[in-house]
Amino acid sequence: MAQTIEVLYYVDAGADAVTQRTAQYFADGIRAAAGARGKARIAISGGHTPKNAFALLADPSAQYREQIPWENLELYWVDERCVPPDHPDSNYRMTREALLDKVPLSQNQIFRIRGELEPEAAASRYEFDIRQSFRLEGAEMPVFDMVALGMGPDGHTASLFPHTEGLHELMRIAIANHVPQQKESWRVTLTWPVINRGRDVFFLIEGEDKVAALKQVFTGPYDPETYPSQLIKPATGRITLLLDAAAAAALPPPAAGGVGKLEISR
């Protein structure tokens, strides 16, 4: 049965404005989750937009750092490349340098994907860590308070790339996914059913190279084998997009204040 999804999108003129909106969005979401449930469990992605937002969150001269109850935050990753944690391509390394080294988070609040292990071992270890942290039993799945996603020009999200095996996994929390179009690399990623259980699932997307994919994912026919981001259909019935004007060029123009809304059926 098709599900109706509300897509709320915020369009800012350029990168600086998107970074500020993203930092505030993180701060508001973390504070709200901690207030409601005692802790905020968030899963983050790599990319330059999150990197810039993390740097702003960590900046003591900015307004965001003091808004976050750091002691109530648990940090997870949506996906990771199968590389060591000090490798230039590591999402963990990016986050550590931009954020973790500068804020009061202890190691037991940080749940990284161990990309230095063999891919299947890394995925199994990450799933074990999540199960332990969330105290899951049997086939229970975690519910993250926030899930921050990116989108590639090919329509992939997390490490769910077009026509890869990971698109068909329904039961696991985390998997190793072989990505032949990315130098035959291996990635570890949360599965899309887990992402869809998130209380707040949102995309951070910038750049004119994302225009075509963004249009196809949210206004085109349903074809998740080609555009895996179409698998994202949260149980809440809501997706939020934080965009720059370049990326949003092919979406319906937003209303005053740069806010637009779509309803899609999946």
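The legends below accompany close-up views of a predicted model.

**View 1. The eight-stranded sheet and its two edges.**
Eight strands form an open sheet of mixed pairing, and their order is E5-E3-E2-E6-E9-E10-E1-E11. Strand E5 (110–111) and strand E11 stand at the edges with a single partner strand each, so one side of each is left without a neighbour in the sheet. At the E11 end, E1 and E11 run antiparallel and are joined by seven bridges; within this pair, Thr-4 has Ser-265 in E11 as its bridge partner. In general, the strands of a sheet pair through backbone hydrogen bonds, and the pairing may be either parallel or antiparallel.

**View 2. Helix H3 on the eight-stranded sheet.**
Helix H3 (residues 91–98) packs on the sheet described in the first view, where it touches strand E2 (40–44), strand E3 (73–77) and E5, and its direction makes about 145° with that of E3. The buried residues in H3 are Asn-91, Tyr-92, Met-94, Thr-95 and Ala-98. Seen down the axis of H3, these buried residues fall within an arc of 160°, so they line one face of the helix. The cover over the buried residues of H3 includes E2, H2, E3, E4 and E5. As background to such a face, an α-helix has 3.6 residues a turn, so residues three or four places apart point the same way.

**View 3. Helix H6 and the elements that cover its buried residues.**
Helix H6 (residues 211–219) has as its buried residues Val-211, Ala-213, Leu-214, Val-217 and Phe-218. When H6 is seen down its axis, the buried residues fall within an arc of 165°, so they line one face of the helix. Among the elements that cover these buried residues of H6 are strand E1 (4–12), strand E9 (201–205), strand E10 (238–244) and strand E11 (259–265).

**View 4. The crossing of helices H1 and H2.**
Two packed helices are described by the angle between their axes and the distance between the axes. Here the axes of helix H1 (residues 15–37) and helix H2 (residues 48–58) come within 8 Å and cross at roughly 65°, and the crossing in which H1 passes H2 is right-handed. On the H1 side of the contact are Val-18, Thr-19, Gln-20, Thr-22, Ala-23 and Phe-26, which meet Thr-49, Asn-52, Ala-53, Phe-54, Leu-56 and Leu-57 in H2. Sorted by class, the residues in the contact of H1 with H2 are seven nonpolar and five polar, with no charged residues.

**View 5. The three-stranded sheet and its enclosed strand E8.**
A further open sheet has three strands in the order E4-E8-E7, with antiparallel pairing. E4 and E7 are the edge strands, each of which pairs on one side only, and neighbouring strands of this sheet are turned by 25° against each other on average, direction ignored. In strand E8 (residues 185–190), five of the six residues are buried, so this strand is largely enclosed by the rest of the structure. Strand E4 (residues 79–81) is joined to E8 by three bridges; across this pair, Glu-80 stands opposite Val-188, and Arg-81 stands opposite Arg-187. Strand E7 (residues 174–179) is joined to E8 by six bridges, and in this pair Asn-177 stands opposite Arg-187. The hairpin of E7 and E8 has five residues between the strands, and there Lys-183 takes a positive phi near 55°.

**View 6. Helix H4 across strands E7 and E8, with Glu-120.**
H4 lies across E7 and E8 and runs at about 155° to E7. Glu-120 belongs to helix H4 (residues 119–134), and this residue is partly exposed, with a relative accessible area of 45%. From C-alpha to C-alpha, Glu-120 and Met-94 are 23 Å apart in space, while their separation in sequence is 26 residues.

**View 7. The buried loop residue Thr-164.**
Thr-164 is placed in the loop between strand E6 (146–149) and E7. With a relative accessibility of 4%, Thr-164 counts as buried, because the cut-off for a buried residue is a relative accessible area under 20%. When its neighbours within four places in sequence are left aside, Thr-164 is in contact with Asn-177, His-178, Val-179, Pro-180 and Gln-181.

Methods
Residues are numbered from 1 along each chain as its sequence is written. This is a predicted model: local features need pLDDT of at least 70, side-chain atom pairs count only at pLDDT 80 or more; totals for chains, interfaces and linings use all residues. Side-chain values use heavy atoms; hydrogens and water are left out. Buried means under 20% relative accessible area, exposed over 50%, partly exposed in between (1.4 Å probe, protein chains only). Helices (H or I, at least four residues) and strands (E, at least two) are DSSP runs, numbered from the N terminus. Two strands pair if DSSP finds at least two bridges between them. The arc is that of the directions from the helix axis to the C-beta atoms. Contact means heavy atoms within 4.5 Å. Axes are lines fitted to C-alpha atoms, for helices over the stretch in contact, and angles run from 0 to 180 degrees between N-to-C directions. A crossing is left-handed if the near helix is turned anticlockwise from the far one by less than a right angle, and right-handed if clockwise. Ala, Val, Leu, Ile, Met, Phe, Trp, Tyr, Cys and Pro count as nonpolar, Asp, Glu, Lys and Arg as charged, and the others, Gly among them, as polar.
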